[in-house]
Structures are given as structure tokens and as C-alpha cells.
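Student: I've got this chain open and want to work through it with you. Can we go piece by piece?

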Amino acid sequence: MIRTLLPMIAILASHLYAGNIQNDTQFKAAVASMGSEPKMVLMIYTTDDCPECAYMKRKVFLDKNVGAYLHQNFVVIEKNVRKDPLPEGYDFFGIPTMFFIDKEGNKKETIVGGKRSEPFLQDLHRIREK
């Protein structure tokens, strides 16, 4: 009986841990846009009045090296924490918060706060190589 319950509990726990990102409209569209490409989703939580968020979007993401690497390896979706519904299991305590998620909805890494272009690009390479 216990041998039967343990795998069921593990499967249930993994679904609870992943949250309901698979039901998120933006996430589904991002995954669909990837096709068979081995990309990941970068979901960034922002607000309209967040200076670090604006810096990331207007400077870092548009840096030629960061932008090229993002385009090749990630699909970026943005969620305004004051306006957009947030998926369960993707809590935040500061903004910007960036979640790196595989196609199956598994959260691979979370980065809180803004960064300059070069350190952020190094993070992107490290996350992709995991």
C-alpha cells in the first residue's frame, strides 16, 4: 500500500510545486511560439513605476549581445504585478523578478533585481547550460 502511495504523492507534489503555469495564457503562447526549438521562457515581473524594471527592458534586454542571446534561447513574457494575473507558485518579494522556466513548466531558476548587461548575459549562459 505504501509503495503504491509514495509514487502518487511524489507526482502530486511535483504538480503542486510547478504551480499552474501550464494554464497561464502567456506561458502557453510562449511555448507554442517555440515550436521544436530548445528555448526556455523568461517571465519577468514588473510594475510601471519600477526603475530597475525599466532599466532591464530598455537597456539590458536591448543590449546587442544580450538581445541576440535572448532571441536565440528564450521567449520573454512580462507580467505587471499590479495589473496581470500571476500564476500560482510564482511568488515574488521584489521586482524585477525573473523566472526561467522550461517548456514543461518547471521553474529552473529565479533572479531578483536588475543587473548590468554583461553579468546578466553570464547568468543567461549559465542557466541555459544547466
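Tutor: Sure, and keep in mind that this is a predicted model. Let's begin with P96, which is found in the loop between β2 (74–80) and β3.

Student: Okay, so which peptide bond is cis there?

Tutor: Look at the residue before P96 and check omega. Omega is near 0° for this bond, so by that angle the bond is cis, and it runs from I95 to P96.

Student: Moving on to T97, is it buried or exposed?

Tutor: T97 is found in strand β3. Its neighbours beyond four places in sequence are M43, I44, Y45, F92, T110, I111 and V112, all in contact with it. Its relative accessibility is 1%, and buried means under 20%, so T97 counts as buried.

Student: And how far apart in space are T97 and K79?

Tutor: In sequence, T97 and K79 are 18 residues apart. Going C-alpha to C-alpha, the separation in space is 9.9 Å.

Student: What about R116, buried or exposed?

Tutor: R116 lies in the loop between β4 (107–112) and α5 (117–129). Exposed means over 50% relative accessible area. R116 has 60% relative accessibility, so R116 counts as exposed.

Student: Which residues is R116 in contact with, leaving aside its neighbours within four places in sequence?

Tutor: One partner sits 56 residues away along the chain, with its C-alpha atom 6.3 Å from that of R116: V60. Once the neighbours within four places are set aside, the contacts of R116 are Y55 and V60.

Student: Let's go inside. Which element gives the largest share of the largest nonpolar core?

Tutor: That core has 17 residues, and L42, F61, F74, M98, F100, F120 and L124 touch the most other members. At least two residues each come from β1 (40–46), α3 (51–60), α4 (64–73), β3 (97–101) and α5. The largest share is four residues, and it comes from α5.

Student: How many residues are in the other core?

Tutor: The other core lies apart from the largest one, and I21, Y45, I77 and Y90 are among its members. Its residue count is 13.

Student: M98 is on that list for the largest core. Which residues does M98 touch, not counting those up to four places away in sequence?

Tutor: Some of its partners are on the same list, including L42, F61 and F120. M98 also touches M43, I44, M56, E109, T110, I111 and G113. The full set is L42, M43, I44, M56, F61, E109, T110, I111, G113 and F120.

Student: Now the helices. How do α4 and α5 pack, roughly parallel or antiparallel?

Tutor: Their axes are 9 Å apart, at an angle of about 20°. Angles under 35 degrees count as roughly parallel, so α4 is roughly parallel to α5.

Student: And by class, what is the make-up of the contact of α4 with α5?

Tutor: α4 brings N65, V66, Y69, L70 and N73, while α5 brings S117, F120, L121, L124, H125 and R128. Sorted by class, those residues are six nonpolar, four polar and one charged.

Student: Last one: what pattern does the chain follow along the sequence?

Tutor: There are five helices and four strands to place. Read along the sequence, they give α-α-β-α-α-β-β-β-α.

Terms used:
Residues numbered from 1 in each chain as written. Predicted model: local features only at pLDDT ≥ 70, side-chain atom pairs only at ≥ 80, totals over all residues. Heavy atoms only, no water. Buried < 20%, exposed > 50% of the residue type's maximum accessible area, 1.4 Å probe, protein only. Contact = heavy atoms within 4.5 Å. Core = buried A, V, L, I, M, F, W, Y, C linked by side-chain atoms within 4.5 Å. Axes fitted to C-alpha atoms, helices over the stretch in contact; angles between N-to-C directions. Parallel < 35°, antiparallel > 145°, perpendicular 65-115°, else oblique. Nonpolar A, V, L, I, M, F, W, Y, C, P; charged D, E, K, R; others polar.
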